[in-house]
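Welcome, and please get your viewer ready. We will walk through this structure one selection at a time.

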Amino acid sequence: MKKITGTLLTLAALGLVLVALAPVVQHATDGAIDGVAAARSAREAELAKQEAVRTWQQQQQAQLDVEVAKATADTATELAPVWQTMTLVVALALAGAAVMLAYGLVSAAVTAAKVRATLIHADKDRVSSAFPLVTTPSGIIALPPPALASRREAITPALPAPITTTPLLPTAGTWSELRQSFTPTADRLMLGVSLDGPIYAPITGLLSTLVIGRPGSGKTSLLRLIATEAVEAGVRVVCWDLHSDLNVAGVELATTEEDIAASAEAITTELDARRRNGRGAPICLMADELPLLATVPAAMATIKRVVLEGRKYAIYCLLSGQAVPASIFDGGAMVRSACASRFVFRSNRMEARRSGLEDRLDMANVNTLPTGVAILDGACVTRPTLVSIPRLDGGAPAVVMAPRPTTGTADPADEVRRIRELHANGMSLSAICRTVYGTNGGAGFYAVRRALGLDV
């Protein structure tokens with residue numbers, strides 16, 4: 001009888017302990033449920049536009065709620081009959097283990113929700129080169145959040161909308177918009193827009209500049225922008241472009257191998273004259289798709305001279321191409337090294353390094369740069385800087401080189417006399433060209449120089 005009584009007392013004491021622990025277990029379960037509800041609310045707020053992913057999360061949360069509710073009901077039922085036999089004690093122990101397992105699952109779900117929330121909130125201070133840059137329809141560059149994958153079904157959620165609340169670069173806009181508050185001069189040309197605002201440099205700050213990038217990355221747009229500003233600032237701009245893409249008002253545009261060769265000889269003659277007589281008005285030579293010009297030996301020889309010695313005589317050069325290998329200069333690697341600045345558009349690390357960009361973090365995303373965005377490095381900036389290039393939105397066509405312009409004057413002597421009178425009155429050659437021929441350069445500029453007896 002005493003043994004039976006002792007056993008019953010032991011069972012009773014054990015039951016009382018389990019009853020006393022029931023509120024603690026209940027409190028832990030309620031806390032887990034509250035944590036799950038909070039995590040679910042956070043996910044729903046962050047993934048409002050990601051319907052497929054949100055649906056998956058809601059299904060997972062609903063299933064988890066059912067499992068927790070079932071575990072809670074089983075626990076309450078198993079804790080009630082405290083007078084049952086040892087089999088019931090074993091069952092209660094198993095139920096307690098199930099509760100602990102459920103609590104662990106809930107904690108894991110809450111932790112996973114926090115990790116997802118951290119991934120979804122893109123922070124520009126935590127930008128990783130593992131995620132490519134993309135451009136939204138509004139022109140803002142941002143990082144897309146990673147898509148969440150289902151653990152049970154091979155579901156491919158819809159691509160989440162890019163985050164636009166934390167832009168990585170400003171939108172440069174169009175040249176006409178920027179032109180309303182900016183007037184280019186030879187001492188202040190706009191090269192692009194960075195996170196800190198527009199970047200300016202004098203024409204002398206460009207010295208000789210490399211522009212590299214894949215087709216369609218923005219190289220020609222940059223040359224057109226600088227040409228537009230330089231012409232407006234009174235700088236003589238000569239463009240060699242076999243594709244005829246540098247269609248900018250006021251430039252001297254050569255689009256055939258014959259015209260490019262003739263222009264190259266004229267630039268060389270001008271360079272020799274300046275070596276004898278000193279510096280003259282600034283001249284900016286632009287060569288687009290440089291590797292194609294390798295078939296014009298005179299052009300390559302002129303480029304080599306301009307890059308190596310032109311800046312002493314105010315003749316500057318911008319070279320553009322998908323790559324600028326030393327082989328096109330007959331092994332003249334020093335030509336490439338002599339360029340003081342470089343714009344690196346979307347390219348590969350090898351070509352970026354060959355252009356002079358250092359092998360460091362600045363090159364991490366060079367192969368994923370969006371169209372119209374480049375890394376600017378060199379004499380124009382203190383450190384490599386991401387810049388967005390403004391877009392040109394219209395303008396008159398370029399002045400294509402021709403043997404001689406015409407003004408409709410019956411007597412060419414009257415035309416020469418007028419040019420000499422304007423020059424005697426102190427008018428610049430470019431101003432005379434605009435007055436007499438209505439252009440900023442090209443064949444008219446050469447005609448003015450011939451009328452004045454100057455070397456062309």
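Which residue of β7 does Cys239 stand opposite? Select Cys239 and look across to the neighbouring strand: the residue facing it is Leu253 in β7. Keep in mind throughout that this is a predicted model.

**The whole protein**

Zoom out for a moment and colour by secondary structure. You should find 13 helices and 13 strands. Of the 456 residues in the protein, 43% are buried. Counting contacts between residues at least 6 apart in sequence, 66% link residues that are at least 24 apart.

**Strand β6 and its partners**

Now select residues 236–240, which form strand β6. Here 5 of the 5 residues are buried, so the rest of the structure largely encloses this strand. Show the side chains and check both faces: Arg236, Val238 and Trp240 lie on one side, Val237 and Cys239 on the other, and all of them are buried.

Next, add residues 252–254, strand β7, which pairs with β6 in the parallel sense over 3 bridges. This is the pairing where Cys239 meets Leu253. Then add strand β8, residues 283–287. Its pairing with β6 is parallel too, over 5 bridges, and Val238 stands opposite Leu285 there.

**Two nonpolar cores**

Keep Val237 of β6 on display, and add Leu191, Val251, Met286, Phe343 and Leu376. These six have the most contacts inside the largest nonpolar core, which has 38 residues. To see where the greatest contribution comes from, select helix α6, residues 219–232: it gives 7 residues to this core.

Apart from that core lies another one, of 34 residues. Select Trp240, Ala254, Leu271 and Tyr313, which are among its members. Trp240 brings you back to β6, while Leu271 leads on to the next stop, in helix α7.

**Helices α7 and α8**

Select residues 257–277 for α7 and residues 297–309 for α8. How do their axes cross? They come within 8 Å and cross at roughly 30 degrees, and the crossing is left-handed.

Show side chains on the α7 side of the contact: Ile260, Ala261, Ala264, Ile267, Thr268, Leu271, Asp272 and Arg275. On the α8 side, pick Ala298, Ala299, Thr302, Arg305, Val306 and Glu309. Coloured by class, this contact shows 8 nonpolar, 2 polar and 4 charged residues.

Notes: Residues are numbered from 1 along each chain as its sequence is written. This is a predicted model: local features need pLDDT of at least 70, side-chain atom pairs count only at pLDDT 80 or more; totals for chains, interfaces and linings use all residues. Side-chain values use heavy atoms; hydrogens and water are left out. A nonpolar core is a set of buried Ala, Val, Leu, Ile, Met, Phe, Trp, Tyr and Cys residues joined through side-chain atoms within 4.5 Å. Buried means under 20% relative accessible area, exposed over 50%, partly exposed in between (1.4 Å probe, protein chains only). Helices (H or I, at least four residues) and strands (E, at least two) are DSSP runs, numbered from the N terminus. Axes are lines fitted to C-alpha atoms, for helices over the stretch in contact, and angles run from 0 to 180 degrees between N-to-C directions. A crossing is left-handed if the near helix is turned anticlockwise from the far one by less than a right angle, and right-handed if clockwise. Contact means heavy atoms within 4.5 Å. Ala, Val, Leu, Ile, Met, Phe, Trp, Tyr, Cys and Pro count as nonpolar, Asp, Glu, Lys and Arg as charged, and the others, Gly among them, as polar. Two strands pair if DSSP finds at least two bridges between them.
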